[in-house]
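Let's go through this one by asking how we know what we say about it. Have a look at the model first, then follow the questions below.

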Amino acid sequence: METLFIADDENAIREGLKQIIDWNALGFTLCGEASNGNDALAQILALNPGLVLLDIKMPGLHGTEVIRQAREAGFTGKCIILSGYADFQYAQEAIRSGVRFYLTKPIDEDELLETVTQIREELAQAKKDFSHLSAYKDKAKNIVLQELLENAVYAPLSKEDRQSFGMTADHYQAALCENLGAPDLSPADAAARLLQVSNRENNLFESLQIENRDVLLLKGERGLQKLADLVERFEQGEVQEKRLQTLSF
């Protein structure tokens, strides 16, 4: 389900927008609402909704200013501006703020339904494109890391590539692992469990396979320290050999 946020200074309009179409059937669930521009901006940045329905004139910040500031802060969701003023000036402000959808009050049910359906399709396509891009990026990263470990890289990685691949640590340690995986865990999850880390966004290590062997590439001082802690726990008998298997450094 995509998330929906509604901002209008009139409670009756907010309630009406919730009921005018079947949001759940269209794949949206309400995540929040606001009655003024300042609150709307704060919640949009906190909740990052997929779709925002926003009144153009509210106390505090106008809707166009809310969107402008939200965009500057990194918000990329879809927006529908609502206005009781069929005035081209407001439409111009909305367009300059990056808004493609502009509806006038009273809201026409069919027009809103058509607009939301189009937005839902755009959001679905964007997710599909992002999934494909992420898959290609992961594949490219694995190839580059394998070449780095095999000393087969013919040119240094650019700063942009290092940032894109999450390879910005000042030093690394490679660990070749045998039988690291478990029936119910991927090699990366098994490694994270052994090292007692969460490894969010691969911030401590990368996991890849070279010649059917699991390889961990530990990043920075903290990653290396976690590996040293694991070896120390093993030497002290806190980690069973059958769990540690074989690590070569």
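Q: What makes the set with Phe-5, Ala-7, Ala-40, Ile-44, Val-52, Leu-54 and Val-66 a nonpolar core?
A: This is a predicted model, so everything here is computed from it. A nonpolar core is a set of buried residues of types such as Ala, Val, Leu, Ile and Phe, joined through side-chain atoms within 4.5 Å. The largest one has 19 residues, and the seven you just named touch the most other members. The elements giving two or more residues to this core are β1 (2–7), α2 (37–47), β3, α3 and β4.

Q: Which residues are included in the second, separate core?
A: Leu-17, Ile-21, Leu-26 and Phe-101 are among its 18 residues. As a general point, nonpolar side chains in soluble globular proteins tend to be buried together.

Q: How do you know that Leu-54 touches Ile-81?
A: The test is heavy atoms within 4.5 Å, and Ile-81 is on the list for Leu-54. Leu-54 also touches Ala-7, Ala-40, Gly-63, Val-66, Ile-67, Ile-80 and Leu-82, leaving aside residues up to four places away in sequence.

Q: Why is strand β4 called mostly covered?
A: Buried means under 20% relative accessible area. Five of the six residues in β4 (residues 78–83) are buried, so "mostly covered" fits.

Q: How do you know that β3 and β4 pair?
A: Pairing needs at least two bridges. Strand β3 (residues 51–55) is joined to β4 by five, so the two count as paired, and they run parallel. Leu-51 stands opposite Lys-78, for instance.

Q: And what makes β4 and β5 a pair?
A: Four bridges join β4 to strand β5 (residues 101–104), so this pair also passes the cut-off of at least two. These strands run parallel, with Ile-81 opposite Tyr-102.

Q: Why is the β-α-β unit made by β3, helix α3 and β4 called right-handed?
A: Picture the strands pointing away from you: right-handed means that the path from the first strand over the helix to the second runs clockwise. In this unit the helix is α3 (residues 63–72), and the crossover is right-handed.

Q: Which residues of helix α7 are buried?
A: In α7 (residues 187–195), they are Ala-190, Ala-191, Ala-192, Leu-194 and Leu-195. Gln-196 follows α7 and has a positive phi, near 60°.

Q: How many helices and strands are there, and what share of the protein is buried?
A: The protein has nine helices and nine strands. Buried residues make up 35% of its 249 residues.

Conventions:
Residues numbered from 1 in each chain as written. Predicted model: local features only at pLDDT ≥ 70, side-chain atom pairs only at ≥ 80, totals over all residues. Heavy atoms only, no water. Buried < 20%, exposed > 50% of the residue type's maximum accessible area, 1.4 Å probe, protein only.
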